[in-house]
Amino acid sequence: MFKKEFRTALTNKTVEIGPDAKEDNIIFALESSCDETAAAIVKNGREVISNVVATQIKTHREFGGVVPEVAAREHLESVNLVIAECFEQAKIAPSEVSAIAATIGPGLVGSLLVGMNAAKALAVTYDKPFIGVNHLNAHVCANYLNTDLEPPFVALLISGGHTQIIEVKSYLEQRIVGETIDDATGEAYDKVARLIGLPYPGGVNLDKLAQNGDKNAFKLPEAKLESEFNFSFSGLKTAVLQLIKKLEKEGNELPKEDIAASFQETITSTLFKKTLKAAERLNTKTLALAGGVAANSEIRRKFFELREKGYKIYAPEMKYCTDNASMIASSAYFLAETQNSLDVEVFSRM
Ligand code: KG4
Ligand code: ZN
């Protein structure tokens, strides 16, 4: 195992963070990279003490997607309330935590700035270390929350902005095995949802609609790529668009449920085959799903079935799949890519 030494913001005192630290680590974290303002307090990277999320879904729905300027303003309005509620629920005072963490990227810069600066202000006020966290690593760490999962394992990260197969060799060492060359999984879900007229956020609504559809109704294409572990979903999205145009031209009422189910079947099948192949290649039977799309019912069902074949399949509880701050606290505890300085800045892309 391991520990890392962090310095408090004001007096430069040493605080040990990690599984080998002398004392229990109680980490307070903020997440504000997109459209959720979230705060959490997590003990030793796994035990969630409090988890508060204020979502902006209603605000962005009328625009059909996230408007960055509006998102930043809403974070600013909610962040103090969310922080107060989080400490209140945990019955812990800010002076009692070991460190203060926040997402520093990737994400919307204006939104990230709100959470990061609030966290830095708390770190200075209470003389705690500030830990800057990478949002993608944190999604993978959501699998450590309330579980006993330990590396090595293979993770499938499927979010609104990313799709990656990751070899998690140890807590500190990860390698990207494959990734999307165009649209991310969540992005494909959201775009197809919009094509069939579903409201924002598209992914979860498409998931619900698909449950009443026939997944074999339409045959949609799976991309053939040179690199066996990479993904491409833009062709699939175009195929759905062409299918819709054809059906409309024929004057039929759109079989939305069947289109949703067929799309979901195709994308699930691609994710499943490639991840399984990567696991076989890397000689592991432990798989973890991560990111907002890991909340998808069909993807979960398909991977969970592997348990009958002796695989260990992890997927975060639903509330820890989509953006939350518990995963940020867990990542601050476990990972080396964390930034330990008040000087760190936010970043929009990897
Ligand atoms: O991880 P996340 O909350 O934010 C990012 O870091 O991007 O992921 C959000 C994405 C969105 O594209 C959303 O539509 C999708 O996750 N999503 C789903 C489901 N729940 C959320 N996609 C398919 N099925 C779901 N049940
Ligand atoms: Zn996310």
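Select the contact between the two domains of this predicted model, where 21 residues of domain 1 meet 22 residues of domain 2. To colour the two sides separately, assign residues 4-145 together with 322-339 to domain 1, and residues 153-316 to domain 2. With both domains displayed, a line drawn between their centres, taken over C-alpha atoms, spans 28 Å.

Next, show the surface that the domains hide from solvent: domain 1 and domain 2 bury about 1,800 Å² between them, and 64% of that area lies on carbon and sulfur atoms. On the domain 1 side, select Leu-136, Val-140 and Asn-143, which supply 31% of the area that domain 1 buries against domain 2, more than any other three residues.

Turn then to the polar side of the interface. A search for salt bridges between domain 1 and domain 2 returns a count of 0, whereas the rule for polar contacts finds 5 residue pairs across the interface, with both residues of each pair at pLDDT 80 or more.

Now display the helices on the domain 1 side, and select helix H1 (57-61) and helix H4 (135-141), each of which supplies at least two residues of the side that touches domain 2. Stay with H4 for a moment, since the largest share of that side, 4 residues, comes from this helix.

Finally, colour the side of domain 1 that touches domain 2 by residue class: its residues divide into 10 nonpolar, 7 polar and 4 charged.

Conventions: Residues numbered from 1 in each chain as written. Chains lettered and ligands numbered in written order. Predicted model: local features only at pLDDT ≥ 70, side-chain atom pairs only at ≥ 80, totals over all residues. Heavy atoms only, no water. Domains from an automatic or database assignment. Contact = heavy atoms within 4.5 Å. Buried area = accessible area lost by both parts, 1.4 Å probe. Salt bridge = Lys/Arg side-chain N within 4 Å of Asp/Glu carboxyl O. Polar contact = N/O pair within 3.5 Å; in protein donor to acceptor, adjacent residues only side chain to side chain. Nonpolar A, V, L, I, M, F, W, Y, C, P; charged D, E, K, R; others polar.
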